[in-house]
Every structure is written in structure tokens, then in C-alpha cells.
Amino acid sequence: MASMRDIKRRKGSIQSTQQITKAMKLVSTVKLQRAKQNAEKSGNYFHCMYDTVSSILKRTKNLDHKYLKSGASGKKAVIVITSNRGLAGGYNSNVVKLITRGELAEEDLAVYAIGKKGKEALQRQYEIKADYSDIIDEPVYVDAMAICKEVLEAFSKGEISEIYLAYTAFKNTVVHVPTLLKLLPVEINGEEAPEGSGEDAQSSRAPMNFEPEDEEALNLLIPKYITSLIYGGMIEAVASENGARMQAMDSATSNAEEMIDHLTLMYNRARQGSITQELTEIIAGANAIS
Amino acid sequence: MADNNLFTLRIITPDRVFYEGEASMVEFNTTEGEIGIYKQHVPTTVIVSPGILTITEEGGTKEAALHAGFAEILQDEVVILAEIIEWPGEIDAGRAEAAKERAEERLRSKTPETDVLRAETALQRALARIHVIK
């Protein structure tokens, strides 16, 4: 059995780790709340955007537009949103797994990294085209616009033929789903109309006009659509990151609690053992004298 | 009767709901030119170009600088999805003034490499900001 002093030292170190994890949990809880509010606020915008773009695309099914078909080159771009900091459980590695395990071939993949952790994990295998890690700490819409502009330029030039977005969707505080989303070419299938009632109500009204005409409208709208998807992805990723970290730190804290309980028991046993031993020795000594 | 002229106006940005209320008229710039919308407009989707947004409510008018986005116009509702929009109080006058000069300078000293379109939008944006403050 370990000596009393060793056990005490071990216990002390676990206790201070527990204090750290507890503090981190509190911090990420607060951050999560803020991120959740942001995600809810931007959801509004995103839904309107999605409705409008899908209604345009539905009306113009046979349109031959550059954003609706994949380019000639086989290269694919992936925008990978992870966090800058670790200690968030499986949050970062789950996103990375989407890419390493997926159906995307290694050689023709260009990674646009948002978040240091994802970049570090992917840079050995894949080509990192660009790194926007600083912006994930506080995502603003202008950042999403800049990224969007860059990938769309590469797309228009024919350097890449498909664009994906890998991020963690935020369902609720405990459920986060790593998601791989195809941004370009835009695919909207008819089934994807969760709020069917709204759709029907709109089509029964007078038909929508577009000014400018469909094709030009698409030219202008699709970049905005992609930007909003990227922005939405960043906002949700931040919420998921904090949620994941909160969970990870919560379980770390309770694990530490368990270990401390166990060590306390061991310590008390060792203490009792040494007292008993001392007593036995004293009694034995007294007996020997008399 | 006055109530019947009102329609619901919602202006949504990526970060917040910028404006939500009843208006009798709303005016702004689109890629096809300046438009004003009353109730019972033909359903239309338009793309916003930089300019001044004027909301006419029952109590008076409100102005804001609207820079990018698009608008969905229905008969009794208008939704503007604005990428960038600012109330007069949120605009930094000095920065707008500087941006205006920069854009004008770029247009004056035109070289083949100058991105004229970009300079023009920047100028439009700066002018809209300056106008709204005044």
C-alpha cells in the first residue's frame, strides 16, 4: 500500500485539477448561453434565406447556371470549422473524422481551415489552402463574406468543382451533430420542405416576380446564400464547441470527485493501519519489559 | 381606414432583427433603381444596392443606411434580408467621410487595374451613410 504522504500528495493534485475543470465548465456554460442566443437570432435570417433561394430554384429547374453544376476539375474544397482550443471532448476529432473517413479522396481535396485544431489534424494528410483560425473566437458576418468570396472565386476560375462545409450542428445543449454539407453546386431537392404549410400558402398566392431576372438574381443571391450558410455554420460551431466543452469538463469534474473519494478512503485506511501497527508495537514492547 | 394602408415590415440581419413593425411605405435602392413600396404590391423579390432606406410609419419616418441584401415583397408583408444595415446613430461619420474620399480618389486616378465597380459601390455606400447622418 502506498504511503500516507504519497496518497495525500496525489489527492492534492487531483483536487487542484478538479478546481480547474470546474472553473472551465462554468466559463463554457456562460459562453454557451451567449452562443446559443446568437444561434437563435441568426436562425431567423437563415430560414428566410433558405426559403427564398429554394423557391427560386424550384421555379427555374432547367436553368443552366454555373453555380448549379459542378465544374470540370475534380478538386473539391472543404471548409472545416473546428475550435482553436482543445479540452472539448470529441468535438474537434469528430469533425476531422468526417473528412478522413468520408468518401472524399485525399489527393483532390483542398482544405479551408477555420480553427487551429482542425488545421493541425488535417495538415499532414491534406493540402491546407487557407487558414482563418482567428475568426472563430468571435465570428462576424464580414468574415463569412470574405471566405465566401475566396471560395467562389476559386470555383468560378474552375480550380475547384465542389465546395463542402464541415461543421458541428447545434441541435440542443447536449446534442451536437458533426455535419458535412454540400454548398456548391447548390442542391435543393423537393422533399426538403419541413414546414410544408408555409410553402403551400405561398404558391397559392400570386406568383413571385424577380427583379432582375432569374439568372441574374441567382448570380447575386447564391453568394449571399453561401455566406449565410458559412456564417450559420460558424455560429452553430461556436455553440457546439462550448456545449461539448461544458460536457467534457462536467464529466472530468465528476471523475475527479470519484477519484478523490477513493483516495480519501485509501488515506484513512493507511492512517488507521499505521495507528494499529504503532499500538501493536507499543503493546508488544510493554509485554516484553514486564 | 388609415389602418388599411399598413403592412408588416421586417428587416432581418444575420445578427439581429433590425426592425419589425407596421409601415405604410418603405423606400430603398435596388439594382434596378429606386423603389417605393405600398401595401398590395405585386409579389416581387429584389436585390438591394447601397442607399438610404426610408420607413414611413404612422408616427413619422425613419431612415437607415442599407448596404447589401435582398427583399421579398408580398402583398401585405415586406421582408428585407439585409447583410449590412445601420441606424444613423450607429454610423461613424469620420470613417464614412474618409471612405468617400478614398473611393473618389480611386475613381479619379483610374488605371486599368482599378476595380471600378468596387470603388463605385464603396462610394455609394459612403454617400448613403453620410446622407443618413445629415
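Reader: In what order do the five strands of the open sheet in chain A come?
Author: They form the open sheet of chain A in the order 3-2-1-4-5, and the pairing is mixed. Bear in mind that this is a predicted model, where local features need pLDDT of at least 70, side-chain atom pairs count only at pLDDT 80 or more, and totals for chains, interfaces and linings use all residues. Residues are numbered from 1 along each chain as its sequence is written, while chains are lettered from A and ligands numbered from 1 in the order in which they are written.

Reader: What makes strand 3 and strand 5 of chain A edge strands?
Author: Strand 3 (127-131) and strand 5 (176-184) of chain A each pair on one side only. Strands here are DSSP runs of E with at least two residues, helices are runs of H or I with at least four, and both are numbered from the N terminus. Neighbouring strands of this sheet are turned by 25 degrees against each other on average, direction ignored.

Reader: How do you know that strand 1 and strand 2 of chain A pair?
Author: Two strands pair if DSSP finds at least two bridges between them. Strand 1 (residues 76-81) and strand 2 (residues 109-114) of chain A are joined by six bridges and run parallel, so they qualify under that rule. One bridge to look for puts A:Val80 opposite A:Ala113 in strand 2 of chain A.

Reader: Which strands of chain A does helix 2 lie across?
Author: Helix 2 (residues 91-101) lies across strand 1, strand 4 (162-170) and strand 5 of chain A, running at about 150 degrees to strand 4 of chain A. The axes are lines fitted to C-alpha atoms, for helices over the stretch in contact, and the angles run from 0 to 180 degrees between N-to-C directions. Helix 6 of chain A also packs on the sheet, touching strand 1, strand 2, strand 4 and strand 5 of chain A, with about 35 degrees between its direction and that of strand 4 of chain A.

Reader: How do you know that the span of helix 6 of chain A agrees with its 76 residues?
Author: The expected span is 1.5 Å times one less than the number of residues. That gives 112 Å for helix 6 (residues 214-289) of chain A, and its end C-alpha atoms are 109 Å apart, which agrees. Helix 6 of chain A does bend by about 30 degrees at A:Leu221, and a proline, A:Pro223, follows within four residues. That bend is the angle between axes fitted to the seven residues ending there and the seven starting there.

Reader: Why is A:Ala39 called partly exposed?
Author: A residue is buried if 20 or more other C-beta atoms lie within 10 Å of its own, exposed if 12 or fewer, and partly exposed in between, with C-beta atoms placed from the backbone. A:Ala39 has 18, so partly exposed is the label. A:Ala39 lies in helix 1 (residues 4-59) of chain A.

Reader: Which residues is A:Ala39 in contact with, leaving aside its neighbours within four places in sequence?
Author: Its partners are A:Phe170, A:Ile235, A:Glu236 and A:Ala239. Contact means that the C-beta atoms of two residues, placed from the backbone, lie within 7 Å.

Reader: What is the secondary structure of chain B?
Author: Chain B has two helices and eight strands, in the pattern β-β-β-β-β-β-β-β-α-α along the sequence. Of its 134 residues, 33% count as buried.

Reader: Why is strand 8 of chain B called largely enclosed by the rest of the structure?
Author: Seven of its ten residues are buried, so the description fits strand 8 of chain B. Strand 8 of chain B pairs with strand 1 (residues 7-12) of chain B in the parallel sense over five bridges, and eight bridges join it to strand 7 of chain B, running antiparallel. B:Leu81 is the bridge partner of B:Ile12 and also of B:Phe70. Strand 7 and strand 8 of chain B form a hairpin, with three residues between them.

Reader: Which domains does the domain assignment of chain B give?
Author: Domain 1 (2-88) and domain 2 (92-133), with bounds from an automatic or database domain assignment. Their C-alpha centres lie 24 Å apart in chain B.

Reader: How many residues of chain B are in contact with chain A?
Author: 20 residues of chain B are in contact with 21 residues of chain A. Strand 5 (44-48) of chain B gives the largest share of chain B's side, four residues.
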